[in-house]
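This note is addressed to a colleague who is meeting the structure for the first time. Please keep the sequence and the model open while reading.

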Amino acid sequence: MILELRDICLKFSHKTVLQKLNVRFEEAQLHALLGENGAGKSTAANIICGELQPDSGQILINGEPVVFHTPREAINRGICYVHQRPMLADSITVKENLLLGLNKEQKKRLEAVAQKWLADIELNSLTKKYGADTRFFIALTSALIKEPYILILDEPSALLDENQEKFLFENLKELATGGMNIIVITHNYEEAKKYCDTVDYLEDGVLVLKKELDQVRPFESLRDHRSGNTEKIKLITGLPQNKLDEMEKKLIAERRTHRTQGSLRLSKGPSTGFIPTDRKYTGSNPNLTIEQMLTAALDIPENQKPDVARKMIEASGVNIQPQEKCSCLSGGMLQKLMIEREFYNNPKSLILCNPLQGLDVKTCRKTCERIQKAAQEGADVLVLSYGEFPLEDV
């Protein structure tokens, strides 16, 4: 199935997110839609799958114009979208999650697809016991059971280790060879270059003319940007199955008390900055305004909150207004704003759980420099990270 976006435009409030976007995705290929935070990648994906409606332009499938008013309509036409941190029902089993929304014929495929993609997972175990990496694979399995013609993945490897990433893309390549049209939303150039057949590069909602992959400026490695002063930074790396998720949950509770974690004392209240892995619902809420999300917990007069919110927004570089909803933000944009919020009062302690997720290289470097500066100025910093992190472990 060939997918084409033709002259797609979308404007949120004062800003244009997509400007006459024209892009074509051929079947039987693995495509990358590449760009930095706020470039419009996720917005384009949301339009394709029916979560957003464009102001103008057309979606075409095999040359035929289509309109999707809901994600269900897109699914019925063979388009499935797997979010980076999918919403699953924690109180039911993995198998029960997989069964949601399936018809009779699709249910017959569940066991075979799960055996391939969830081989080490007990399907009758409760979903809540699994971390972000497994939850992604559960959502992917749910999509693949439906045998989509077009599969869209949002930052699929962000919370996977190297072996999981290799497993994912090798099997995605197999699916593409079999005829599936697969689109990967990413800001990771190296990932696109290594695994994808084509790459389209978005900048500020505009598609840069197609280039050969080796002509696109690669995102620089962060490995050379290590902290030179980490005596007050504690870095713990691992994966959810290494109990990192459980540690994060305990830290959420710990920050409410004056208790010690190892050699790091975590202050309570506003003197502790906290960035959770789940930024959408734990660190924020789609129904909040940007101003509410940024200032609700600040001990300042109400009449000062609009100005403070504007200052944070300006410092983050995110093109948004204080009264717009958080639902207008991409994951990377929300992460930038959360960083500004948690560093705003120069907290004595920082608990940062996967603080670089969804960030482009420039913002990653800036964030690492801020972490180092906070430590140099006396803050105790704890970083939990899935996989490598560009600070020396201490």
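The numbered points below go from the overall make-up to the cores, the helix pairs and a few individual residues.

1. Overall make-up. The model is a predicted one. The protein contains 13 helices and 16 strands. Of its 394 residues, 54% are buried. Among contacts with a separation of 6 or more, 73% join residues that lie 24 or more positions apart.

2. The largest nonpolar core. This core has 42 residues, and the members that touch the most others are Leu98, Leu118, Leu140, Leu151, Leu168 and Leu172. Helix α6, covering residues 132–145, makes the greatest contribution to the core, namely eight residues. Apart from this core there is a second, separate one of 34 residues, which includes Leu356, Leu359, Ile371 and Ala375.

3. Leucine 151 within the core. What does leucine 151 contact, once its neighbours within four places in sequence are left aside? Its partners are Cys80, Val82, Leu140, Ala143, Leu144, Leu172, Met180, Asn181, Ile182 and Ile183. Two of these partners, Leu140 and Leu172, are also listed with Leu151 among the core members that touch the most others.

4. Helix α1. Residues 41–48 form helix α1, and eight of its eight residues are buried. The buried residues of α1 are Lys41, Ser42, Thr43, Ala44, Ala45, Asn46, Ile47 and Ile48. After α1 comes glycine 50, with a positive phi near 85 degrees.

5. The pair α12 and α13. Helix α12 spans residues 331–343 and helix α13 spans residues 361–376; their axes come within 12 Å and cross at roughly 15 degrees. An angle under 35 degrees counts as roughly parallel, and α12 and α13 are therefore roughly parallel to each other. The crossing of α12 past α13 is left-handed. On the α12 side the contact involves Lys336, Ile339, Glu340 and Phe343, and on the α13 side Thr363, Lys366, Thr367, Arg370, Ile371 and Ala374. By class, the residues in this contact are four nonpolar, two polar and four charged. Ile371 of α13 is also named as a member of the second core.

6. The pair α11 and α12. Helix α11, residues 305–316, packs against α12 at an angle of about 125 degrees, and the axes are 9 Å apart. This angle makes α11 oblique to α12. The crossing of the two helices is right-handed. Met312, Ile313, Ala315 and Ser316 of α11 meet Lys336, Leu337, Glu340 and Arg341 of α12. Four nonpolar residues, one polar and three charged make up this contact. Lys336 and Glu340 of α12, which take part here, also belong to the contact with α13.

7. Aspartate 7. Please look at the backbone here: phi of aspartate 7 is near 55 degrees, a positive value in a residue other than glycine. Aspartate 7 belongs to strand β1, residues 3–12. Is this residue buried or exposed? With a relative accessibility of 33%, aspartate 7 counts as partly exposed. Beyond four places in sequence, it is in contact with Lys20, Leu21, Asn22, Ser56 and Gly57. The C-alpha atoms of aspartate 7 and glutamine 58 are 6.7 Å apart, with their positions 51 residues apart in sequence.

8. Aspartate 204. Another positive phi, of about 50 degrees, is found at aspartate 204, which is not a glycine. Aspartate 204 sits in the loop between β9 (198–203) and β10 (206–208). Its relative accessible area is 60%, and aspartate 204 is exposed.

9. Histidine 83. Where does histidine 83 lie? Its place is the loop between β6 (79–82) and α3 (94–99). At a relative accessibility of 25%, histidine 83 counts as partly exposed. Not counting residues up to four places away in sequence, histidine 83 touches Asn46, Glu51, Phe136 and Asp154. Asn46 is one of the buried residues of α1. Another residue of that helix, alanine 45, is 38 residues from histidine 83 along the chain, and the C-alpha atoms of the two are separated by 10.0 Å.

Methods
Residues are numbered from 1 along each chain as its sequence is written. This is a predicted model: local features need pLDDT of at least 70, side-chain atom pairs count only at pLDDT 80 or more; totals for chains, interfaces and linings use all residues. Side-chain values use heavy atoms; hydrogens and water are left out. A nonpolar core is a set of buried Ala, Val, Leu, Ile, Met, Phe, Trp, Tyr and Cys residues joined through side-chain atoms within 4.5 Å. Buried means under 20% relative accessible area, exposed over 50%, partly exposed in between (1.4 Å probe, protein chains only). Helices (H or I, at least four residues) and strands (E, at least two) are DSSP runs, numbered from the N terminus. Contact means heavy atoms within 4.5 Å. Axes are lines fitted to C-alpha atoms, for helices over the stretch in contact, and angles run from 0 to 180 degrees between N-to-C directions. Angles under 35 degrees count as roughly parallel, over 145 as roughly antiparallel, 65 to 115 as roughly perpendicular and the rest as oblique. A crossing is left-handed if the near helix is turned anticlockwise from the far one by less than a right angle, and right-handed if clockwise. Ala, Val, Leu, Ile, Met, Phe, Trp, Tyr, Cys and Pro count as nonpolar, Asp, Glu, Lys and Arg as charged, and the others, Gly among them, as polar.
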